[in-house]
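Please read these points with the model open beside you. They deal first with the space inside the protein and then with how the copies are arranged.

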Amino acid sequence: MHTPGSSVAGYGLLLVVQIVFVIVFGFFTDYSKELLPKNGTSNGLEASHGAAEEKYLPKYPHFQDIHVMIFIGFAFLMTFLKRYGFSASGLNLLVGALVIQWAIIMRGCYEMEDGRIPLSLDNLIGADIAAAAVLISMGALLGRTTPMQLLIMGIFEIAIFAANEFLQLDLMKVADVGGSITVHAFGAYFGLAVSFVMRPSKENAKAGPMEGSSYSSDITAMIGTIFLWIFWPSFNSALVDGADQERAIINTYLSLAGATVTTFAISALVSHEKKFDMVHVQNSTLAGGVAVGSICNLMIHPFGALLVGVIAGVISVLGYRFLTPAMLSGGLRLSDTCGVNNLHGMPALLSAIFSAIYASMATSETYGSSLTTIFPAMAPVVNTTMGGHESEEFVIGGFGRTAAKQGAYQLLAILLTVLIAIVGGLFTGLVLKSPSVRQLEKDELHKDETYWETPSEASGATTNTAIPTVASSIS
Amino acid sequence: MHTPGSSVAGYGLLLVVQIVFVIVFGFFTDYSKELLPKNGTSNGLEASHGAAEEKYLPKYPHFQDIHVMIFIGFAFLMTFLKRYGFSASGLNLLVGALVIQWAIIMRGCYEMEDGRIPLSLDNLIGADIAAAAVLISMGALLGRTTPMQLLIMGIFEIAIFAANEFLQLDLMKVADVGGSITVHAFGAYFGLAVSFVMRPSKENAKAGPMEGSSYSSDITAMIGTIFLWIFWPSFNSALVDGADQERAIINTYLSLAGATVTTFAISALVSHEKKFDMVHVQNSTLAGGVAVGSICNLMIHPFGALLVGVIAGVISVLGYRFLTPAMLSGGLRLSDTCGVNNLHGMPALLSAIFSAIYASMATSETYGSSLTTIFPAMAPVVNTTMGGHESEEFVIGGFGRTAAKQGAYQLLAILLTVLIAIVGGLFTGLVLKSPSVRQLEKDELHKDETYWETPSEASGATTNTAIPTVASSIS
Amino acid sequence: MHTPGSSVAGYGLLLVVQIVFVIVFGFFTDYSKELLPKNGTSNGLEASHGAAEEKYLPKYPHFQDIHVMIFIGFAFLMTFLKRYGFSASGLNLLVGALVIQWAIIMRGCYEMEDGRIPLSLDNLIGADIAAAAVLISMGALLGRTTPMQLLIMGIFEIAIFAANEFLQLDLMKVADVGGSITVHAFGAYFGLAVSFVMRPSKENAKAGPMEGSSYSSDITAMIGTIFLWIFWPSFNSALVDGADQERAIINTYLSLAGATVTTFAISALVSHEKKFDMVHVQNSTLAGGVAVGSICNLMIHPFGALLVGVIAGVISVLGYRFLTPAMLSGGLRLSDTCGVNNLHGMPALLSAIFSAIYASMATSETYGSSLTTIFPAMAPVVNTTMGGHESEEFVIGGFGRTAAKQGAYQLLAILLTVLIAIVGGLFTGLVLKSPSVRQLEKDELHKDETYWETPSEASGATTNTAIPTVASSIS
């Protein structure tokens, strides 16, 4: 059943990939200019000004909040399976550590200067956000892949992610500060497409015996949920400044609160025994953060933020309750272990639709001078003879968009993103299912033992040694 | 035993409340003026100045630290019960999410501008702090209420909390930067008053079989304890700036350290077997943060901070060891599941007394120009003909207080707060005990199963499927 | 077996020590001058400037990140033992709370002003970093000491740590911003020296029945690992500013990522069954943070950072796999419960060697004007008749070092540190093993029951009461 030979080759290959990354970093990256020491001949005034701006690294707390979301939040959220906690917390770390390096390279391709990717804190923030897309996809497949398959998926996904992100944000100038389009929708539908290719045969399409939680694993998963819930305002506001940032924080905070209350109410109402379901609490409470992502810096007002959260909570719980089982048991046989369609997919579609609506209504009366900061392509076309710097930038469709046109672009963005994610995911799935890649056997699903040394003797000791010690201290 | 009908009504009502909140937010809230886009006609200089000040959101890291305390700290601290972890972590999230919305509205009533509550990051900080009071009360009742009762309590409590906070801080100008008076004392005695009304009949007054911890739940609870311990300096210093803030941080850090060492020593000394007691470690180590709350920005010096922490540790451990059992078994039959009287109540009284002492000794020699920032009512009475802006502000007793008078006001503040909390709690308890509200049966206490879908089959699988798998890998 | 009398004396002594600390703080500490209120006669301009600089406390987020590492990271990393979680999380808090107070005093001895230690946020950061050294040593001894022995060790270790830190950083002007030399190497070899003195007799040298993990304790330990992993960039960059700080963040981030991927690959390759080993994942993934510590602000470039991480991962996993068992089973009988030699010791040696290499190649072309900020002793000797302020500072070997000489000093620093740590550790070990100090019996190793009230009945209830409740709800 287990083929150590192929594993050795796999782990050797992983080591080779890491060494290749070291080399690529050597040739193609360096610190950004601001981080290189100033030599004496530089303009003193500029240097001191730069230093003052640099000194406090105002985005660093935001970065660390996101860092907690990626490496604690996603990791522990996925520990809900009763016997997959080593993989959830460990492979989240492994996949994350590999893809942040790869994301720095792939995303850097679009911002090279003199043949080098200039690194600063911004690249780390961008890499962490890119890793989120891969970890969302991992959620769709949780327990049904080998570690190698996850890593291969991460490599493909990041390359496609970086291209799509560049397309949407730089070329199409779409508003998506919280990444609902480029991260959540992309990651969810990429993962679901991979899951579709790797779907089990008809006779194996039922949930396996290990595909459930235990009492303690459900509580451990809440560590992930709550840290994601807490720091989501940082995720949505990391890429904006000033009043935009503060609005993004307030709106995300409110949307999450609205989604949470709604999740509990709907969860109890739709369950058989009118009880709360931990799956909903662990996931749908977060749907408010996704649903407000693309619009959190817009003038949606506190009312709009709460409303979006409430709607997201309803959609997400209903998705877990009815859609996910239907997708699995129907002809589609589409597994979605963590229900990423309900937490990330559908709320992201909702966010994109709302972003189109709000964009199409955006006026300079409402937004003042920040209109063209938020929607750069709505800036008037600059007369090139006047030499405006923006004229040199290429934007699909050109500058000078009307509000309605910007709204149309927002819809185009989500359509293209979902399309690219599905095509990319189907292709990646085929690679992962190719005969040269080891697949999990049916009895290896959703459990750590296949790839982890588990404390079997220790676990035996827990029942044979530790408990008796306790017992003897009772008697 | 279980009445699904009433539950459906309850959860439907919860949904209605959430929708009402959306509507109220629509009519009565908006972003604060600084967060609304500037239009072109605004003063450019002012705008750029405002932008510079806004740009870095210096309080945001403090806010996120508090956010972790409220939603991770309180949640996991309450997971110490062996079979109440879903409720502790989940209902903490639900209650928190509901009351932060309600707190924004209720607290906002006292700061409306043009019929609207202007929202900024400050309101989120204030809402999180208000939620702390409710979660403290929840600790007193842990395991003995339905989710609906908790939510109803939260609605009543926040309304009274906001009024009392306005009374103490705005009208009476009491010094309480760490909220020991307005948050900890209020939350603890409100919760205990509710608990008193809901006390069991004489024959049921003993601790039930589920009212204890398990080995793993005690470790999970330490996640809550330690995060609260770590971020308490942020809680106490969030509302002050500059040197005041740094003193608040240093004093809270030292007080917590002193309380922690003391807690371990006293815990072992007063226990039967001279061993450490996890209840004390999980709770009394934090008493130093409460006890220093009202005085943490005063000139108490490192010596005073440590001393307050040491005293708080002694009081808190002795409270857990002797007072809590006495309150339960005596004629009072007063349950306090988490011992909030020992962690929040008595240390807060201590803090208030110290604040009176320090206030009564405050001189402008010691405090310099910050005397009237810390104790605003000690500012000299402004001649109204001179047109000072402070003259328009209403302060109970007027400006120009002496130090002794300020000390007296500090004592009055804690007395009034405890009184208001107890009366409010008694009233709320009567509502929660009214026949129209579902009560827990005796065998439903302190366990998740009544309101949560628990992985019973999965739990069965853990013993029937998972362990044998492990066992077979041994043999 | 258990001698309550000696325990009472011990805990009484602990209380006395805490009270002595309060008194020492009263006589010898105060807030730093910036935190004392300004009186009216002060220079208004200076005051407002100071206030502006103070207002935002830019290091506070860094401090809180480190605070999480010390009190959550180390605590939960050490919960991996199956029946030592109360001690790991609780004693980490106790030892930490005691030694941060003591570190403020001991480190303050070298920076007194007018007979007082001036306290600011910097002292708290320094105290937390000093506590890390003690907690690393605790890791070497985990499960094999009494709480009292740990506290006595902390008292001795902090005194020696503070002296060595002053020697290396102030007198020898060694570059070590991430503390690999002064914290990690010192803590690891101090702890190993103590462990050597306390080594068991030959017949007891095997790992005991409790010296292993359980499935759930391994997952709990990952909380510690991942929080350490996330915030390590803050640890390494807390003491530097501006571009130096941002480079330290980027380099630490990359080194950790490289070490993590490498750890997984090597872990699987060297294990018997080609599976991942949780011990490696919990620890060696962090070796990249240690190995880059002394060089993280140097011009090592992203390439160098990744490479150092990869090497550290290899060394650390091989250390766990081959060296630790060899040290234990060989004639040395040297226990290292957490493997601190592999996580802290050897990677710190690596970091020191790299720091010597990079220092010896440092030129003003590469470093510009920051050369003498990073390596202060490389500043040219100031003509004393010119009255440069640096001329008054005493530096071993004097100013005006060449790059090669600075490299030699870096090597001297690690040699002296390891020597001082070992001698200090041997001496401390002798004290801990003296007849007047209670030792653990063989059957008391690695378990909480000896010093903690554990929920034995409750644990019984878990199997006897709780599970049947569940079972009955199934049937």
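1. A cavity is a set of points, on a 1 Å grid over the protein atoms alone, where a 1.4 Å probe fits but cannot get out; its volume is the space filled by probe spheres set on the points, which are joined across faces, edges and corners. In this predicted model, the largest cavity holds about 220 Å³ of space, and a search of the whole structure finds nine cavities of 30 Å³ or more.

2. The largest cavity is lined by 19 residues, and the closest to its centre are Asp65(A), Phe231(A), Asp65(B), Asp65(C) and Phe231(C); a lining residue has an atom within 4 Å of a point. By class, this lining has 13 nonpolar, three polar and three charged residues, where Ala, Val, Leu, Ile, Met, Phe, Trp, Tyr, Cys and Pro count as nonpolar, Asp, Glu, Lys and Arg as charged, and the others, Gly among them, as polar.

3. Chain A is superposed on chain B by a rotation of 120 degrees with 0.0 Å of shift along its axis (RMSD 0.0 Å), the fit being by least squares on the C-alpha atoms of residues with pLDDT of at least 70 in both copies. The two copies are thus related as by a three-fold rotation axis. Within chain A, the residue that comes closest to the rotation axis is Pro61(A), at 3.7 Å (C-alpha).

4. Residues are numbered from 1 along each chain as its sequence is written, and chains are lettered from A in the order in which they are written. Local features need pLDDT of at least 70, while totals for chains, interfaces and linings use all residues.

Definitions and conventions
This is a predicted model: local features need pLDDT of at least 70, side-chain atom pairs count only at pLDDT 80 or more; totals for chains, interfaces and linings use all residues. Side-chain values use heavy atoms; hydrogens and water are left out. On a 1 Å grid over the protein atoms alone, a cavity is a set of points where a 1.4 Å probe fits but cannot get out, and a pocket is an open set with protein on both sides within 12 Å along at least five of seven lines; lining residues have an atom within 4 Å of a point.
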